[in-house]
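The following exercises concern the sequence and the structure shown below. Each task is followed by a solution in steps.

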Amino acid sequence: QVQLVESGGGLVQAGGSLRLSCAASGRTSSNSAMGWFRQAPGKEREFVAAITWSGGATFYADSVKGRFTISRDNAKNTVYLQMNSLKPEDTAVYYCAAKGGYAGIISSANLADYWGQGTQVTVSS
């Protein structure tokens, strides 16, 4: 089992920045592929960014490429999502996801085994 706890969400003006954190704990948290997804009201959950367990490879949705950066600190069992140049369309609940013992990338929601509770990000225009 892997437990995930997100933090760092909030209200920010367009063009601003936020950094989300996801603290992982559990038996396989140190070798889990990790990802961030988001869900806006009335929409399906969508992929945002993902990182391999080693941190050696990252992958981004086209809508956030060049603005968001995913990283991880395995010593702290924490994954981060640095979000810059935020736009109103980035408003959503952001979820951290994990797949234990997986060497690939979590590029879709159905690949994830574990989810956090979500953190709200609201970008005002």
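**Exercise 1: The strands around β5**

β5 and β6 pair in the antiparallel sense over three bridges. The model is a predicted one. Determine how β5 is paired with β4 and with β6, and state whether β5 is mostly covered or uncovered.

Solution.
- Step 1. On the β6 side, A50 stands opposite F59. The hairpin of β5 and β6 has six residues between the strands, and within that hairpin G55 adopts a positive phi near 80°.
- Step 2. With β4, the pairing of β5 is antiparallel and extends over five bridges. Here A50 of β5 faces G35.
- Step 3. The hairpin of β4 and β5 likewise has six residues between its strands, with G42 taking a positive phi near 80°.
- Step 4. Five of the six residues of β5 are buried, and the strand is therefore mostly covered, given that buried means under 20% relative accessible area.

**Exercise 2: The four-stranded sheet**

Give the strand order of the open sheet of four strands and identify its edge strands.

Solution.
- Step 1. The order is β1-β3-β8-β7, and the pairing is antiparallel.
- Step 2. β1 and β7 each pair on one side only, which makes them the edge strands.
- Step 3. On average, and with direction ignored, neighbouring strands of this sheet are turned by 15° against each other.
- Step 4. For the pair β7 and β8, six bridges are found, in the antiparallel sense. S71 stands opposite Y80 of β8.

**Exercise 3: The partners and faces of β11**

Describe the pairing of β11 with β2 and with β9, and divide the residues of β11 between a covered and an uncovered face.

Solution.
- Step 1. Strand β2 (residues 10–13) pairs with β11 in the parallel sense, over four bridges. Q13 has S124 of β11 as its bridge partner.
- Step 2. β9 and β11 run antiparallel and are joined by three bridges. In this pairing V93 is matched with Q120 of β11.
- Step 3. The covered face of β11 consists of T119, V121 and V123, whereas Q120, T122 and S124 form the uncovered face.

**Exercise 4: The disulfide**

How many disulfides does the whole structure contain, and which residues are involved?

Solution.
- Step 1. A search of the whole structure yields one disulfide. The disulfide joins C22 to C96, with an S to S distance of 2.1 Å.
- Step 2. C22 belongs to strand β3 (residues 18–26) and C96 to strand β9, so the bond ties together parts that lie 74 residues apart in sequence.
- Step 3. The torsion about the S-S bond of C22 and C96 is about -80°, and the disulfide is therefore left-handed.
- Step 4. Both C22 and C96 are buried.

**Exercise 5: Salt bridges**

Of the five salt bridges in the structure, examine those of K65 with D62, R67 with D90 and K99 with D113. State where the partners lie and how accessible D62, R67, D90 and D113 are.

Solution.
- Step 1. In the pair K65 and D62, the closest N and O atoms are 3.1 Å apart. D62 has 66% relative accessibility and is therefore exposed, the cut-off being over 50%.
- Step 2. R67 and D90 meet at 2.8 Å, N to O. R67 lies in the loop between β6 (58–60) and β7 (68–73), and D90 in the loop between β8 (78–83) and β9 (92–99), so this salt bridge ties together parts 23 residues apart in sequence.
- Step 3. R67 is buried at a relative accessible area of 11%, and D90 is buried at 1%.
- Step 4. K99 and D113 meet at 3.5 Å, N to O. K99 is in strand β9 and D113 in the loop between β9 and β10 (114–115), distant parts of the chain 14 residues apart. D113, at 43% relative accessibility, counts as partly exposed.
- Step 5. Through shared partners, salt bridges join R38, E46, R67 and D90 into one network.

**Exercise 6: The nonpolar core**

Which residues of the largest nonpolar core touch the most other members, and which elements give two or more residues to this core?

Solution.
- Step 1. The core has 35 residues, and those touching the most other members are L4, M34, W36, L81, M83 and Y94.
- Step 2. Two or more residues come from each of β1 (2–7), β3, β4 (33–39), β5 (46–51), β7, β8, β9 and β11 (119–124).
- Step 3. Leaving aside neighbours within four places in sequence, M83 has contacts that include L18, L20, R67, F68, Y94 and V121.

Notes: Residues are numbered from 1 along each chain as its sequence is written. This is a predicted model: local features need pLDDT of at least 70, side-chain atom pairs count only at pLDDT 80 or more; totals for chains, interfaces and linings use all residues. Side-chain values use heavy atoms; hydrogens and water are left out. A salt bridge is a side-chain nitrogen of Lys or Arg within 4 Å of a carboxyl oxygen of Asp or Glu. Buried means under 20% relative accessible area, exposed over 50%, partly exposed in between (1.4 Å probe, protein chains only). A disulfide is a pair of cysteine sulfur atoms within 2.5 Å. A nonpolar core is a set of buried Ala, Val, Leu, Ile, Met, Phe, Trp, Tyr and Cys residues joined through side-chain atoms within 4.5 Å. Contact means heavy atoms within 4.5 Å. Two strands pair if DSSP finds at least two bridges between them. Axes are lines fitted to C-alpha atoms, for helices over the stretch in contact, and angles run from 0 to 180 degrees between N-to-C directions.
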